[in-house]
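Grab your viewer and work through the exercises below. Each one sets a task and then walks through a solution.

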Amino acid sequence: LVPAAYAVPEEERTVNVNLDNAETIAEVLDGVGLRRAEAIVDYREAYGEFIGLEDLVEVRGIGEQTVATNAKRIRFE
């Protein structure tokens with residue numbers, strides 16, 4: 001359990017789409033449930049790491065609006 005003083009506010013949480021698991025991705029990104037998060041992980045495993053936000057739009061179920069909404073929460077390194 002993390003003391004409240006050290007907790008990161010929800011709006012400041014980020015996720016590394018090249019390293020994090022589907023559960024973490026689904027938890028951090030708005031509008032991305034477990035099924036879509038699993039699609040991100042599956043795509044990454046099939047085609048390699050994501051380089052930029054535009055790569056995420058290639059994942060089935062992840063549209064430009066979802067990427068735009070979450071841009072500040074997405075990391076690649």
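**Exercise 1. The end of a helix**

Which residue follows α2, and what is the sign of its phi?

Before starting, keep in mind that this is a predicted model.

Step 1. Go to the end of α2 and take the next residue, which is G48.
Step 2. Read off its backbone torsion: the phi of G48 is positive, near 100 degrees.

**Exercise 2. The two sides of α2**

Work out how the buried and exposed residues are arranged around α2.

Step 1. Check the helix length. With 14 residues, α2 spans 20 Å from its first C-alpha to its last, close to the 20 Å expected at 1.5 Å a residue.
Step 2. Pick out the buried positions, using under 20% relative accessible area as the cut-off. A37, I40, V41 and R44 of α2 are buried.
Step 3. Look down the axis: these residues take up an arc of only 90 degrees, so they sit on the same side of α2.
Step 4. Flip to the other side of α2, where R35, A46 and Y47 are exposed.
Step 5. Ask what lies over the buried residues. The cover includes β1 (15–16), α1 and α3 (53–56).

**Exercise 3. Into the core**

Find the largest nonpolar core and see how I40 fits into it.

Step 1. The largest nonpolar core holds 18 residues, and V17, I25, I40 and L56 have the most contacts inside it.
Step 2. Sort by element: α1 (22–28) and α2 (34–47) are the ones that contribute two or more residues to this core. The largest share, 4 residues, is from α1.
Step 3. Now zoom in on I40. Skipping residues up to four places away in sequence, I40 touches V17, I25, V32, F50, L56, V59 and I62.
Step 4. For background, nonpolar side chains tend to be buried together in soluble globular proteins.

**Exercise 4. Charged pairs**

How many salt bridges does a search of the whole structure find, and which parts of the chain does the R13 pair tie together?

Step 1. The search turns up 2 salt bridges.
Step 2. One of them joins R13 to E27, with the closest N and O atoms 2.7 Å apart. R13 is in the segment before β1 and E27 is in helix α1, so this pair ties together parts 14 residues apart in sequence.
Step 3. Check the exposure of both partners. R13 is partly exposed, because its relative accessibility is 29%, while E27 is exposed at 54%.
Step 4. The side chains of R73 and D30 also form a salt bridge, at 2.9 Å from N to O. This pair links distant parts of the chain, 43 residues apart: R73 is in the loop between α4 (64–70) and β2 (74–75), and D30 is in the loop between α1 and α2.
Step 5. Same check again: R73 counts as buried at 14% relative accessibility, and D30 is partly exposed at 38%.

**Exercise 5. A buried asparagine**

Describe the surroundings of N70, in helix α4.

Step 1. Is N70 buried or exposed? With a relative accessible area of 1%, N70 is buried.
Step 2. Follow its side chain, which reaches the backbone oxygen of T66 at 2.9 Å.
Step 3. Leave aside neighbours within four places in sequence, and N70 is in contact with L29 and D30. D30 is also the salt-bridge partner of R73.

Methods:
Residues numbered from 1 in each chain as written. Predicted model: local features only at pLDDT ≥ 70, side-chain atom pairs only at ≥ 80, totals over all residues. Heavy atoms only, no water. Core = buried A, V, L, I, M, F, W, Y, C linked by side-chain atoms within 4.5 Å. Buried < 20%, exposed > 50% of the residue type's maximum accessible area, 1.4 Å probe, protein only. Contact = heavy atoms within 4.5 Å. Expected span 1.5 Å × (residues − 1). Arc of directions from axis to C-beta. Salt bridge = Lys/Arg side-chain N within 4 Å of Asp/Glu carboxyl O. Polar contact = N/O pair within 3.5 Å; in protein donor to acceptor, adjacent residues only side chain to side chain.
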